[in-house]
Amino acid sequence: MTDAVVPRTEDFDEIAALLALAFHTDPDPELQAIERPVFEPERSLLVRDGRTAVAHAGAFGRDLAVPGADVPAAHVSMVAVAPTHRRRGLLSGLMRRQLREIRDAGREPVAVLWASEGRIYPRFGYGSAAQRLALSADTTGLRLPDPTPAEGTLRLDRPAGHADELARLYERARADRPGWSRRDERWWAYVLADLKSRREGATERRVLLHDGPDGPDGYALYRTRDEWVGDVPRSEVRVGEVVALTPEAYLALWRLLLSVDLTRRLSFPIAAVDEPLLRLVDEPRQLAPQLADGLWVRVVDVPAAFAARRYAADVDVVVEVVDALLPENTGRWRLVGGPDGAECATTTAPAALACDVRALGELYLGGTTPAALAATGRLRELIPGTLTRLTPAFTWHRAPTPMENF
């Protein structure tokens, strides 16, 4: 067996076959055709046993919205080990080397990923940073507030002809939503690709656009799935994305999604934990929200990461950090910042808090509070009163949420 190597572009099909094996799917040439353009071989690590690919880890270079700013982030993905080569340390070796290379490159202060299992990545310093709600609604009789004249008009079409329009709306909304990743043309092509093999019996994807007084100000991507019980319709609306720049656009989009003829159910697997819909419908219990993890964050460069984001209130705190994999992060760091900027540098001053690097990942997007982490024992208050003072600074006016599984 060889050590991990950087693969070539032409190795993609071999890597895709390994991923299909690990995630219990069949190789799909159509899927590979839309994944190949976003593949970054220079960001990947491949292990072979002889001529056979047995382990892989990759990353994509994309910007990530964080509280008050954008930061370059390594979007870790395509991680797999062949069933025949488990328990040999291959995953650990790949993740450790990947983190080291990200750190040494000096471009990305954080790494992010979706976890196939929550127990895997905390041992590499990743913390659950942006949770999501999975909605599975019974729409029968569900009501929204009455429409107002300001709600504008709706258009329904196929997404392909509206990519530029969707990109503009998404980017405007992204600035205010920690956890959303920037999409260039390659990523928009990937997001809007509509393979039959991925529809799970539903229709092609449709786009619903809202036009307000000043032009387009919201969209929703969705499908429907036909189902009848005898002569009774039980069809389902499957929502992929809802992006709205105004409350009027948001309400108008959801008014249609919740009332499509012949449908009785709606699913939305990536709703935000502060989703306005929960406070608009007359019976939120019918949405049946279930909390799940979404984005996991690994702080790769402590001072760069915490100087890059903004803070809802003024903060001046010294934190003692332990990082077993990237020792450069271990030490005492003084963070001074607020809504307009921040600085973070090493210090010899007494620490007010102590934690491991995983806790920093959980705090980074504002999705949890220092006090909540202190309750787990993984963040310790060394100077009384620090947690109370720090909590307003680390929260944000919008909850972080993932938008896509990359």
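**Exercise 1. Strand pairing**

Which residue is the bridge partner of Leu353 in strand 18? Place the answer within the pairing of strand 17 with its neighbours.

*Solution.* The structure is a predicted model, and the pairing is read from its backbone. Step one gives the partner itself, since within strand 18 the residue bridged to Leu353 is Glu381. Step two turns to the strands as units: strand 17 pairs with strand 18, which covers residues 379-381, in the antiparallel sense and over 3 bridges. Step three adds strand 14, which runs parallel to strand 17 and is joined to it by 4 bridges; in strand 17, Asp356 stands opposite Val322.

**Exercise 2. The cavities**

Determine how many cavities of 30 Å³ or more the whole structure holds, and describe the lining of each by residue and by residue class.

*Solution.* Step one is the search of the whole structure, which returns 2 cavities of 30 Å³ or more. Step two takes the largest cavity, whose space comes to about 130 Å³; it is lined by 14 residues, of which Phe306, Val319, Leu335, Leu360 and Phe394 are the closest to its centre. Step three assigns the lining to secondary structure: at least two residues each come from helix 8 (302-308), helix 9 (357-364) and helix 11 (386-394), and likewise from strand 14 (315-322), strand 15 (331-338) and strand 17 (353-356). Step four sorts this lining by class, and the result is 14 nonpolar residues, with no polar and no charged ones.

Step five repeats the procedure for the second largest cavity, which has a volume of about 40 Å³. Its lining consists of Gly179, Ser181, Leu295, Pro402, Met403, Glu404 and Phe406, and these divide into 4 nonpolar, 2 polar and 1 charged.

**Exercise 3. The environment of Arg177**

Is Arg177 buried or exposed, and which residues does Arg177 touch, leaving aside those up to four places away in sequence?

*Solution.* Step one locates Arg177 in the loop that lies between helix 4 (163-174) and helix 5 (185-192). Step two applies the cut-off for burial, which is under 20% relative accessible area; Arg177 has a relative accessibility of 6% and therefore counts as buried. Step three lists the contacts: once residues up to four places away in sequence are set aside, Arg177 touches Ala65, Ala272, Asp274, Arg398, Ala399 and Thr401. Step four looks at one of these residues, Ala399, in more detail, where the side chain of Arg177 reaches the backbone oxygen at 2.5 Å.

How values were computed: Residues numbered from 1 in each chain as written. Predicted model: local features only at pLDDT ≥ 70, side-chain atom pairs only at ≥ 80, totals over all residues. Heavy atoms only, no water. 1 Å grid on protein atoms, 1.4 Å probe; cavity = no way out; pocket = protein on both sides within 12 Å on 5 of 7 lines; lining within 4 Å. Points joined across faces, edges and corners; volume = space filled by probe spheres on them. Nonpolar A, V, L, I, M, F, W, Y, C, P; charged D, E, K, R; others polar. Buried < 20%, exposed > 50% of the residue type's maximum accessible area, 1.4 Å probe, protein only. Polar contact = N/O pair within 3.5 Å; in protein donor to acceptor, adjacent residues only side chain to side chain. Contact = heavy atoms within 4.5 Å. Pairing = 2+ DSSP bridges.
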